[in-house]
Structures are given as structure tokens and as C-alpha cells.
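Work through the exercises below with the coordinates open. Try each task before reading its solution.

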Amino acid sequence: MRVIVAEDSVLLREGVARLLQEAGHEVVGQAGDPDDLMRKVRAHKPDLAVVDVRMPPTQTDEGLRAAKEIRSELPGVGVLVLSAYVEPAYAQELLAENAEGLGYLLKDRVSDVTAFADAVERVGAGGSALDPEVVSALMGRTREDDPLEELTPREREVLGLMAEGRSNAAIAEQLVVTDRAVEKHVTSIFSKLGLAASGEDHRRVLAVLRFLEA
Amino acid sequence: MRLGALTPLQRALIAIALLGVLLGIALFVIATTSAVPAAPLLEAFITVLVGWSFIGTGLFAWDRRPTNLIGQLMVCVGFFVFIAELTVSDIPLAAALGFAFNSLPVAFLIHLLIVFPSGRARSRADRFFIGYAYLAGGLIAGLPVFFYNPATDPDCAHCVTSNPLLIHDSLDFVNTWLNTLSAVSIPVLFALFVHLVRRARSEDPGERRSQEPVWWAGGATVFLFAATLLTNLGPESGNYDDVVWYIANIVFATVPFAFLLGLLRTRLSEADLVAEENVRLDAELQARLDELRESRARIVEAGYVARRKLERDLHDGAQQRLVGLALDLRLARERIEDDPRTAAAMLDEASAELSLATEELRELARGIHPAILSDRGLEAAVESLARRAPLPVEINASIEGRLPEPVEAAAYFVVAEALTNVVRHAGANRAGVGIRRDDGRLVVEVTDDGGGGADPAGSGLRGLADRVAALDGRLRVEPSGGHGTIVRADIPLRQGNGAGA
């Protein structure tokens, strides 16, 4: 997979690049600011851009804006946004109309090499990866009538993993159950929440998130 | 001075002044051309001077304090001094009028002294003296004019020969009547004298300074009039009576000048008043400064406390973990060859520990300043807060665009602290956050449906109040109708509170 890494801290940028290379990906470019990133993305048309939210010149949300620009300009390029903090509101902004080829993770997650590599694979292949913290913030929101109360604890777990963008197989592996069992949970969840079942994982993410945000 | 620039009152006052001048001149002419020799030039001169003094000073006071009765009363005294002096005229009707109104100037003077300086009677005694003065000096003393025939009065050999107001000639009645009136009035006048002396003494020193001349002259005049009445009651002793009369009138003549002096002194004390007002404003300013100084000290102190806490959190939390981590890594490194399994387990533990450390750092950073606030503004930041709250929070925000940064931060921390309080203390089931612009101000309200009892002096709210006050805003904590609490911050959005306000 061809990847571009945009991060203004050289140490972290090199670290992420090395991690990606070790996972068998090709780092075709590194950028330290949004302009550099856009230039390289347009030139290389990589499978994935890993983008830090805070970059020069203002160190606020340049990365976020660049990520949105890439998504609207080059839909074929997956974007994995890394941030020192996550906000569901930003996930919402990034998702906009679709969750295809989008990741939004806490920077800390890079230390969990396997999980990070998995997320990179998923997003590069057009799937989604939402940080568990965003998901738990969304699911943990207290409501007057919480429809999630109807779910069993196991179903909640499955819902959370779905929202993170995992496939049934990945969920089964994580929870140490069979694929069949996960499918049953998913069907039950969708019927309890009144959601239309959806084939592709990234569509499922969007449906679940829309539901959680509503 | 252009006439057009005058108020209607001032024009009326000028007319009265002109009338006074004319009357004075007329009186002087009447008195000096009178065939009655009992009117020496000096007496006429003094009388005219007294009248003019009263009228002039009275008009001055009237102009300066149009709503105060003092000026009008002084003008009345002046005019009736002229009228009373008509007794010296050789024109029968004029002399009769003078006789009828002879005591009225004293009645007006008494009224004047009693209501000085406010223009209002202050007690029942005041009202009694005023009532008595007009009844005795105006009505009772004037009544004998209808029974007095100067032709039959042996004391008045040179007086006018007739009284056109005469109804019945009875000198005995006139004398008895007037002597009775004098006998009754003498104790009343002495009582009045005591009353005035007491009043003068009870005034506070600041007031006394401007009023003293009036009390002295007025009190002396009242005393001397009483003495005059007393000498009149006694057997006729020629010069002795006249001496008292002259002294009384000379003192009487000083009264308007005492008023003038008093007015000038009042002017001085008006400067004192301005000074006093300045002192008051200074004190207010000082109090506000003290308050600001205290709140600034508290803000500094709060900043200091916050830094100490931050330092502790960093040392005891993240740093501690990182030190432990370094040890773990070192140990794992040593075991990696002999006991790779344990080493691997230790490394797993280490990375888990690392996650905790970064999480702690993230939370700390959020507590210092939430990034979403600077990135996306107050509404987004408050929504994020609400999402994290362990109870449903309904947000009602209607602010368009961004606000000045200090205002956003203050408002954010008001909501954060208030929600924390709700969760901790209120026992509430839900909370509400309202944010709106209102007439150049930002109004932030956090409500809950809990048991109330939030303590505005608690350190959290105190710090918030200081923070809001630093932006010239106000923070109030009050029970909301029925149950629950409202925390309301009201922050002006003006230039001083950051750019773009």
C-alpha cells in the first residue's frame, strides 16, 4: 500500500513511517504542513494519507481541513486522521456523507502496533476506523429514553466495534466468538434499533453513527 | 444679560424688584413730606433700607432656590415693612393701612425664622408659632384700626386727624385690646426665642456655619420685639421706650444681611458639598478598587493553586508512570534473553501503562484548555461537555459567529464548573444550558432540577465569579422557581473583552 505521512513533529513522522514500512507498506512521501501534504497527495495519488490534525501555521485544525479537502478532491485516497485528542464533533465533520476510506484515531493508538496496522489496512482499502473513544463518547451519551438500554451487554460491545468500523470477522476474532454468532448479534441490534441492515462495513458505520448522534 | 435669556420666574422677580424700589422711594417721599412730625428722617431712611434689604436678599434667595419659601417670605417682610411704616403718613387712609398692618412684618419674620433654612415647618411647635404669628400679628393686631380715632388719642397730638376706617371710636377698647395682645404675645415671643436658640444649637456643625448669622440676628430681633412690647405695656417712660424700639429695629435691619451672609456661607459650603461628594466618590472608587484588588489577588492565587495542582498531577501521574515505565523497560531488556516470555509480558504491561500516561496527559490538557473551544468555538465546546456529562443536558444555544476568546473561555468554564457541581451535589436528573446574546452581552445559564443548595461562596463558583468579574460581568447563583438551581453569568461583549467584540 502506498502511503503519505503528514505530521509536523519529525520524530513522530519518522516513527509512523518506520512502523508503516515494517508493516510492509511503501511510504511514498512525508509532509510537515498542509500545503506540502496537498502537493504530494496530488502528485502521488497514494492509497492512504496519514494526517495529523495540528500542523503549522496555526497549530489548530489545519490537518482536519486538509483531510476534508483530500476527501472531496480525491475520493480514492483513504485518509487516516490522527489527533492528540478526539472530539465526536470532528468525526462528524470528517464523515459528512460517507465513512468510506476514513479513519479518525487518537495519536496514542500508534503504540498498539497491530491495531494501528489493522486500521491502516482497513482505511487504505476503503473501510473505516473510528477511535474507540469517539464511539464510547457517542454511546455513553446520556439520553432521556436510551434506546441502547434494550441491547444486551454483548450487543453493545458488538455495536461499539461496528461503529469503530470493524468487519464481522474482526469482531468475531476480538470477542472470541464465531462469525455466525456476530451475525446474529448484528441482526438483533439492527432490528432492536430499527435500522436497515447494510452490507458494506463503512455504510454500516455511517448508519450506526447517525443513529448514535440522533 | 439679555432679557430673552431670562426665565419667566426671573422676569417676574425683576418686576418685583422694580416695584420694591418704587415703593421704597414713594415711602421715603411720604415719610419725609409728612406733616406728622413724629417721623424723623433717620427713621424713614432706616425703614426704607430695611425694606430694600429684605426685598433684595429675598429676590436673590428666590432666584437661587425657587422652590424654597424663604426668598418669598423675605420679599413679603420687605414689602410689609414699607406698608407698616405708612403710619407716619399724613394721608389718613395710608396711615390707617399702616396701623392695620403694623405687626405683619414681624409675623412674616417669625414664619421666616422658623422655617429657615428648608422653607418647611418641621414640628408642631413650629406650626403653632407660625399660626400664632399670623393670627396675632395679622388679624388681632389689625382689628383695633376700626376703633381707633387718632383725634382722641392724647399720645398722638401730632398724628393725622382722621381714620377713614373708623367704625366706632373707643380708645379704651383699643388700648385694652392691644395691651392684652402684648401681654399674651410676650411669653410666646420669649418661648419662640428659646425655641430658636435650641434649634440653632441642635444643628450639626456643618449646617450651623451657614445658618449661625440668621439665628443670631433673628433670635435677637425676636427677643427685642418682646422687650419692646414689654416696655410698651409698662408706664410711658419716653426715651426708654424709644431706645428699645430703635435697638430692635436696628437689629431687625441686620436680619437680611445675616441671611445674605448665610447664603454666601452656604455657597461656600456648596463647595464643601462638592468636596464631600468627591470624598464619597473616592470612597466608592476605593471600595471598588479594594474589591478588584481582592478579586485580582484571588485570580492570581487561583492561578497559583491551579499550577501547583498541575505540577502535582504531572509528577504524581504521568511522570510517575513514565519513570516506572523506564524501569520496566530496563528490566525487560535484562530478561529478554533468559526469559523472553516474562520480558514480553513486561513489555505489554509497559505499553498499557504508557497508554494510561498519555490518557492522563490528554485529560490534563483538556482541563487546562479544551482544544475544541479554540478550534470550533463555544457552542461546539459546550456540546462536547454535554456529551461527556453523566446526565442528559439540553443545550439551547443561539450565538452566531465567534465571540472574543476570553469571553468564550469564561463562559465555557462557567458551564463546565456548573455541570460538575450539578453532577456532584444537586442530585439532579437533568440539566439545561442556555447561551444567548442579549443587548451586547453574553448570557450563559445552567439550570438543573436537583435539590439546590449550591454555595456561591464555594471555591469553584467563587473562582468563576472572579473570572467573570474580570471581564466586567456578573455571576449569580440562585434557586430556580420551585426546585433546582440557576447559575447565570452575564458577560459584556465589548472591545475591552477581546478583539472582534
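The exercises concern a predicted model, and each one is followed by a worked solution.

**Exercise 1. Take stock of the two chains.**
Task: State how many helices and strands chain A has, and how many chain B has. Then find what percentage of each chain is buried.

Solution.
- Step 1. Chain A has ten helices and six strands.
- Step 2. Chain B has 14 helices and five strands.
- Step 3. Chain A has 214 residues, and 43% of them count as buried. In chain B, with 501 residues, buried residues make up 32%.
- Step 4. Look at contacts with a separation of 6 or more. In chain A, 64% of these link residues 24 or more positions apart. In chain B the share is 65%.

**Exercise 2. Trace the sheet of chain A.**
Task: Give the strand order and say whether the pairing is parallel or antiparallel. Then name the edge strands.

Solution.
- Step 1. The sheet of chain A is open and has six strands, in the order E2-E1-E3-E4-E5-E6, with parallel pairing.
- Step 2. Strands E2 (26-31) and E6 (128-130) of chain A are the edges, since each pairs on one side only.
- Step 3. From one strand to the next, the twist averages 20 degrees.
- Step 4. Check one pair. Strand E1 (residues 2-6) of chain A pairs with E2(A) through five bridges, in the parallel sense. Within it, A:Val5 stands opposite A:Gln30 of E2(A).
- Step 5. Add a helix. H3 (residues 62-73) of chain A packs on the sheet and touches E1, E3 (48-52) and E4 (78-83) of chain A. The directions of H3(A) and E4(A) make about 170 degrees.

**Exercise 3. Place strand E5 of chain A.**
Task: Which strand do five bridges join to E5(A)? How many residues of E5(A) are buried?

Solution.
- Step 1. E4(A) is joined to E5(A) by five bridges, and the two run parallel.
- Step 2. One bridge links A:Val79 to its partner A:Leu102 in E5(A).
- Step 3. E5(A) spans residues 102-106, and four of its five residues are buried. The strand is therefore largely enclosed by the rest of the structure.

**Exercise 4. Classify two helix pairs.**
Task: Which term fits H2(A) and H3(A), roughly parallel or roughly perpendicular? Which fits H8(A) and H9(A)?

Solution, first pair.
- Step 1. H2 (residues 34-44) of chain A packs against H3(A) at about 20 degrees, and the axes are 10 Å apart.
- Step 2. Angles under 35 degrees count as roughly parallel. H2(A) is therefore roughly parallel to H3(A).
- Step 3. The crossing of H2(A) past H3(A) is right-handed.
- Step 4. H2(A) contributes A:Pro34, A:Leu37, A:Met38 and A:Val41 to the contact. H3(A) contributes A:Glu62, A:Gly63, A:Ala66, A:Glu69 and A:Ile70.
- Step 5. By class, this contact of H2(A) with H3(A) has six nonpolar, one polar and two charged residues.

Solution, second pair.
- Step 1. H8 (residues 168-175) and H9 (residues 179-193) of chain A cross at roughly 110 degrees, and their axes come within 8 Å.
- Step 2. The range 65 to 115 counts as roughly perpendicular. H8(A) is therefore roughly perpendicular to H9(A).
- Step 3. H8(A) and H9(A) cross in the right-handed sense.
- Step 4. A:Asn168, A:Ala169, A:Ile171 and A:Ala172 of H8(A) meet A:Asp179, A:Val182, A:Glu183 and A:Val186 of H9(A).
- Step 5. The contact of H8(A) with H9(A) holds five nonpolar, one polar and two charged residues.

**Exercise 5. Inspect the backbone of two loops.**
Task: Which residues does a cis peptide bond join? Is A:Val176 buried or exposed?

Solution.
- Step 1. The cis bond joins A:Pro56 and A:Pro57, with omega about 5 degrees. A:Pro57 lies in the loop between E3 and H3 of chain A.
- Step 2. A:Gln59 is also placed in the loop between E3 and H3 of chain A. Its phi is near 55 degrees, positive although the residue is not glycine.
- Step 3. With 13 other C-beta atoms within 10 Å, A:Gln59 is partly exposed.
- Step 4. A:Val176 sits in the loop between H8 and H9 of chain A. Its phi is near 55 degrees. A:Val176 has 7 other C-beta atoms within 10 Å and is exposed.

**Exercise 6. Describe the chain contact.**
Task: Which helix supplies the largest share of the side of chain B that touches chain A?

Solution.
- Step 1. The contact takes 14 residues from chain A and 21 residues from chain B.
- Step 2. H10 (340-368), H11 (371-376) and H12 (378-388) of chain B each supply at least two residues of the side that touches chain A.
- Step 3. The largest share, seven residues, comes from H10(B).
- Step 4. The side of chain B that touches chain A has nine nonpolar, five polar and seven charged residues.

Definitions and conventions. Residues are numbered from 1 along each chain as its sequence is written. Chains are lettered from A and ligands numbered from 1 in the order in which they are written. This is a predicted model: local features need pLDDT of at least 70, side-chain atom pairs count only at pLDDT 80 or more; totals for chains, interfaces and linings use all residues. Two strands pair if DSSP finds at least two bridges between them. Axes are lines fitted to C-alpha atoms, for helices over the stretch in contact, and angles run from 0 to 180 degrees between N-to-C directions. Two residues are in contact if their C-beta atoms, placed from the backbone, lie within 7 Å. A residue is buried if 20 or more other C-beta atoms lie within 10 Å of its own, exposed if 12 or fewer, and partly exposed in between; C-beta atoms are placed from the backbone. Ala, Val, Leu, Ile, Met, Phe, Trp, Tyr, Cys and Pro count as nonpolar, Asp, Glu, Lys and Arg as charged, and the others, Gly among them, as polar. Angles under 35 degrees count as roughly parallel, over 145 as roughly antiparallel, 65 to 115 as roughly perpendicular and the rest as oblique. A crossing is left-handed if the near helix is turned anticlockwise from the far one by less than a right angle, and right-handed if clockwise.
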